[in-house]
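Subject: Structure handover

Hello,

Here is the structure I promised to pass on. Please open it first, then read my notes below.

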Amino acid sequence: MNKHRGADALVHTLQRAGIDTIYALSGNHIMPLFDALFESGIRLIHTRHEAACVHMADAHARLTGKPGVALVTGGPGHANAVGALYTAQMSESPVLLLSGHAPNDQIGMGSFQEMRQAEMAAPVTKLSFTAASAASLAADVTRALHTAKTGRPGPVHLSLPTDALETLIDATQQTLGASASTGSQAPAAAHTKTLGAADAVRSLAWLAAGAKPLVLAGPCMLTPSGRARLLALEDACGIPVIGMESPRGVNDPALGAFAQMLVEADRVLLVGKKVDFTLKFSKAFSASCVCMQIDAEEVERERARRALGTRLTASMEAEAAAAIAALTDQALSVLTAATGTHRDWREKITTALQHRPAAWISARAPLPERLRPVEACRPLQAVLDSDADAVLISDGGEFGQWAQACLSAPQRIINGPAGAIGPGLPFAIGARAALGMRDVPVLAFMGDGTFGFHVAEFDTAVRHNLPFVAIVGNDARWNAEYQIQLKAYGKARLHGCELLPVRYDQVAVAFGGHGEFVTEAAQLLPAVERAMASGKPACVNVMIEGAPAPLVTHG
């Protein structure tokens, strides 16, 4: 009577950790877990593709701040899921991928769908390992969840051999301490690294001594709670605090003309912000700009030392969230009198962030049965402004860049530094599931190319009653690549970018959702309002001009 399966021990561990939702796609290896979840109270959202599971878990994690959990079968199911981990990794999102696995007692024997899964996932995770036994599962899951959240947050993978899930154990057999499982490429335990008060005061004093100082934070601080913490630090110290999460780096269209202001900065404090391609490997700063760094990972501190050389005046070890909290606390206590010192500089930064070229909104003759990207985006700011918890989701590609340039919302999810395309629709489902059934607008902007990656997830959204509105900018081509070819090789050498002008709205209807078709600017807002009123997952298919992504500059 006291015995239960490894699968039950795993589910009990998830319950104790507060996990209430799992995004899954069924398969042979994980049927014991599906059975263990049956009366657990944990919601199981079963999907149409394994990569979509991970993207949904990623969105869930970014909105809630808690690890998002994806569950897939072994072999090809695991392989399908792995690619999506890169988007979570680069966005510093705490995701746990649980993958079924061939039985431990058949490893090396040519078992069904036997694969070196931990090794496959290792490059795109913080930690990737395989459970050794039923007795280790509780400790394995605890370790995985803790690792996903601590240090620089990110994805973790744990493979679950079927014999570990099916074996009966009693409570005395469970390993609750250090995991004995194998395949790890990270330390067995991760600990929260905080910033001491003395280092916080030193960092703030160093910043305040600059004429044009800045704080730059990385993607893990671009969650709803993270954005609030960044704003609290800026208000406390009076120094601009900017979060960066775009694959376009300093040219992120959501940051307006920020790139032009960054080259004026004389002191920059990097808090969990990598000195990588997004900062042009440090060339986004002026040659005279000096930096301090706070980062949880030695590999990133070493990268900054190589890129900045003597311009890096100090490097400290701490997690970004803990560092932001410590800096805010000390700023409130020691810099109160100095918060107005950099008022003019802060106002210049704010103006640059808000700048958008007047030409975008100037009156021009309408295009025949096509909207300009700005016309397909700007009117929908009113929808996002209608609710304090509204969610803006933007996929990759040129149309996604227009959405990011034109729109803002209290909660935002984009494809992140990975620059991947295709996660937008699963992101919308994960966001709605994370929000519950609160009547909050969830608008997801994606091009017609990206929409095709996971269009079948409309079935998932309909089955689970998870409404959102996908605004598809339809220019009937892979426009980013089209623009590259046009610029680099000329109009005569354009090829391999064409798509059909598909009625994606009708595709959504076929899955049981709601569809709207828009060819004129005046149709857009009423179409989106009808889509929201339908209470269904909806697609608003907007025929657009294939314009290049915006680059925002002053003048």
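The largest pocket has a volume of about 960 Å³. Keep in mind that this is a predicted model. The lining of the pocket counts 29 residues. Nearest the centre lie Arg-227, Ala-254, Leu-255, Leu-353 and Ser-408. Which elements each supply at least two residues of this lining? They are helix 9 (224-237), strand 10 (241-243), helix 13 (343-354) and helix 16 (398-406). Helix 9 gives the largest share, with five residues. By class, the lining of the largest pocket has 16 nonpolar, six polar and seven charged residues.

Next, the cavities. A search of the whole structure turns up one cavity of 30 Å³ or more. The volume of the largest cavity is about 80 Å³. Its lining is made up of Met-90, Glu-92, Pro-219, Met-244, Glu-245, Ser-246, Lys-273, Lys-274, Asp-276, Thr-278 and Pro-417. Five of these lining residues are charged, four are nonpolar and two are polar.

Now the sheets. One is an open sheet of five strands. Its strands run in the order 10-9-11-12-13, and the pairing is parallel. Why is one side of strand 10 and of strand 13 (312-317) left without a neighbour in the sheet? Both stand at the edges and each has a single partner strand, so one side of each stays free of a neighbour there. From one strand to the next, the twist averages 15°.

Look at the pairing inside this sheet too. Strand 9 (residues 213-217) and strand 11 (residues 267-271) pair in the parallel sense, over five bridges. One place to see this is Pro-213, whose bridge partner in strand 11 is Arg-267.

Helices lie against these strands. Helix 12 (residues 320-334) packs on the sheet and touches strand 11 and strand 12 (290-295). The direction of helix 12 makes about 130° with that of strand 11. Helix 9, already met at the pocket, lies across strand 9 and strand 10. Helix 9 runs at about 160° to strand 10.

There is also an open sheet of six strands. The order here is 15-14-16-17-19-18, with parallel pairing. Which strands form the edges? Strand 15 (411-414) and strand 18 (514-518) do, and each pairs on one side only. In this sheet the twist averages 15° from one strand to the next.

Strand 18 pairs with strand 19 (residues 538-543) in the parallel sense. Five bridges join the two. Among the paired residues is Glu-516, and its bridge partner in strand 19 is Val-540.

Two helices to check on this sheet are helix 3 and helix 17. Helix 3 touches strand 14 (391-394) and strand 15 as it packs on the sheet. Its direction makes about 145° with that of strand 15. Helix 17 (residues 424-435) also packs on the sheet, touching strand 14, strand 15 and strand 16 (442-447). The direction of helix 17 makes about 170° with that of strand 16.

Last, a helix pair. Two packed helices are described by the angle between their axes and the distance between the axes. The axes of helix 3 (residues 50-64) and helix 4 (residues 76-90) come within 7 Å. They cross at roughly 35°. The crossing is right-handed. On helix 3, the contact is made by Glu-50, Ala-51, Val-54, His-55, Asp-58 and Arg-62. On helix 4, the contact is made by Gly-77, Asn-80, Ala-81, Ala-84, Leu-85, Thr-87 and Ala-88. Sorted by class, this contact has six nonpolar, four polar and three charged residues.

Best wishes

Technical notes. Residues are numbered from 1 along each chain as its sequence is written. This is a predicted model: local features need pLDDT of at least 70, side-chain atom pairs count only at pLDDT 80 or more; totals for chains, interfaces and linings use all residues. Side-chain values use heavy atoms; hydrogens and water are left out. Axes are lines fitted to C-alpha atoms, for helices over the stretch in contact, and angles run from 0 to 180 degrees between N-to-C directions. Helices (H or I, at least four residues) and strands (E, at least two) are DSSP runs, numbered from the N terminus. A crossing is left-handed if the near helix is turned anticlockwise from the far one by less than a right angle, and right-handed if clockwise. Contact means heavy atoms within 4.5 Å. Ala, Val, Leu, Ile, Met, Phe, Trp, Tyr, Cys and Pro count as nonpolar, Asp, Glu, Lys and Arg as charged, and the others, Gly among them, as polar. On a 1 Å grid over the protein atoms alone, a cavity is a set of points where a 1.4 Å probe fits but cannot get out, and a pocket is an open set with protein on both sides within 12 Å along at least five of seven lines; lining residues have an atom within 4 Å of a point. Grid points are joined across faces, edges and corners, and a volume is the space filled by probe spheres set on the points. Two strands pair if DSSP finds at least two bridges between them.
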